[in-house]
Amino acid sequence: MGFWQWLRARCGKSPLPPDEFEQARRLVLAVERGGIPLNPARVNALARELGLEVRRDAPVEETVARLRAALVRAGRLPG
C-alpha cells in the first residue's frame with residue numbers, strides 16, 4: 001500500500017479508482033482464471049477507452065483478446 005492510499009484510508013476517503021490499464025489488466029487476468037465477463041458493453045467501453053476500435057457486435061472473447069494484446073504491447077502484462 002502506497003503512502004497516499006494509506007493516508008486516504010486513515011482519513012476515511014476512498015482510494016483512487018484504478019486507471020483504464022489496471023481495469024483492463026484485472027479483467028484479462030480474471031478471464032484467464034476462468035471468469036466470464038457479465039457485461040459485454042462494459043468490456044467494449046473499456047477497450048474503447050484504451051483507444052481500440054471495437055464493433056458494437058464484437059464477441060466478448062475477441063475484445064478480451066485484443067485487450068490482452070494491447071496490455072502486452074504497453075508493457076502492462078507479460079507476453
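Pro17 counts as exposed, at 65% relative accessibility; exposed means over 50% relative accessible area, buried under 20%, and partly exposed in between, with a 1.4 Å probe and protein chains only. Pro17 sits in the loop between H1 and H2. Helices here are DSSP runs of H or I with at least four residues, strands are runs of E with at least two, and both are numbered from the N terminus. This is a predicted model, in which local features need pLDDT of at least 70, side-chain atom pairs count only at pLDDT 80 or more, and totals for chains, interfaces and linings use all residues. Residues are numbered from 1 along each chain as its sequence is written, and side-chain values use heavy atoms, with hydrogens and water left out.

**Confidence**

- The chain averages a pLDDT of 88, and 94% of the residues score at least 70; pLDDT is the predictor's confidence in each residue, from 0 to 100.
- Among the elements of the chain, H4 has the highest mean pLDDT, 96, and H1 the lowest, 75.

**Helix H1 and the loop after it**

- H1 spans residues 3-11, and of its nine residues the number buried is zero, so H1 lies largely in the open.
- Gly12, just after H1, takes a positive phi of about 85°.
- Pro17 is 49 residues from Arg66 in sequence and 23 Å from Arg66 in space, C-alpha to C-alpha.

**Helix H3**

- Val43, Asn44, Leu46 and Ala47 are buried in H3.
- These residues cover an arc of only 160° around the axis, which puts them on the same side of H3; the arc is that of the directions from the helix axis to the C-beta atoms.
- The buried residues of H3 pack against H2 and H4.
- Gly51 follows H3 and has a positive phi, near 95°.

**Helix H4**

- H4 covers residues 60-73, 14 in number, and reaches 20 Å from its first C-alpha to its last.
- That reach is close to the 20 Å expected at 1.5 Å a residue, where the expected span is 1.5 Å times one less than the number of residues.
- Buried in H4 are Val60, Thr63, Val64, Leu67, Ala70 and Leu71.
- Seen down the axis of H4, its buried residues fall within an arc of 120°, so they line one face of the helix.
- An α-helix has 3.6 residues a turn, so residues three or four places apart point the same way.
- Glu61 and Arg73 are exposed on the other side of H4.
- The buried residues of H4 pack against helix H2 (20-32) and helix H3 (40-49).
- Gly75 follows H4, with a positive phi near 75°.

**The nonpolar core**

- The largest nonpolar core has 15 residues, of which Leu27, Val28, Val43, Leu52, Val64 and Leu67 touch the most other members.
- Such a core is a set of buried Ala, Val, Leu, Ile, Met, Phe, Trp, Tyr and Cys residues joined through side-chain atoms within 4.5 Å.
- H2, H3 and H4 each supply at least two residues of this core, and H4 gives the most, with five residues.
- Leaving aside neighbours within four places in sequence, Val64 is in contact with Leu27, Val28, Val31, Pro37 and Val43; contact means heavy atoms within 4.5 Å.

**The Thr63–Asn44 pair**

- Thr63 lies in H4 and counts as buried, at 2% relative accessibility.
- Asn44 lies in H3 and counts as buried, at 5% relative accessibility.
- The side chains of Thr63 and Asn44 are joined by a polar contact of 3.0 Å.
- A polar contact is a pair of N or O atoms within 3.5 Å; within protein, one must be able to donate a hydrogen and the other to accept it, and residues adjacent in sequence count only if both atoms are side-chain atoms.
- Not counting residues up to four places away in sequence, Thr63 touches Val43, Asn44, Ala47, Val54 and Ala58.
- With that same exclusion of residues up to four places away, Asn44 touches Val54, Arg55, Arg56, Ala58 and Thr63.

**Outside the helices**

- Glu53 is in the loop between H3 and H4 and is exposed, with a relative accessible area of 72%.
- Leu77 is found in the segment after H4 and counts as buried, at 7% relative accessibility.
- Residues up to four places away in sequence aside, Leu77 touches Arg25, Val28, Leu29, Arg68, Leu71 and Val72.
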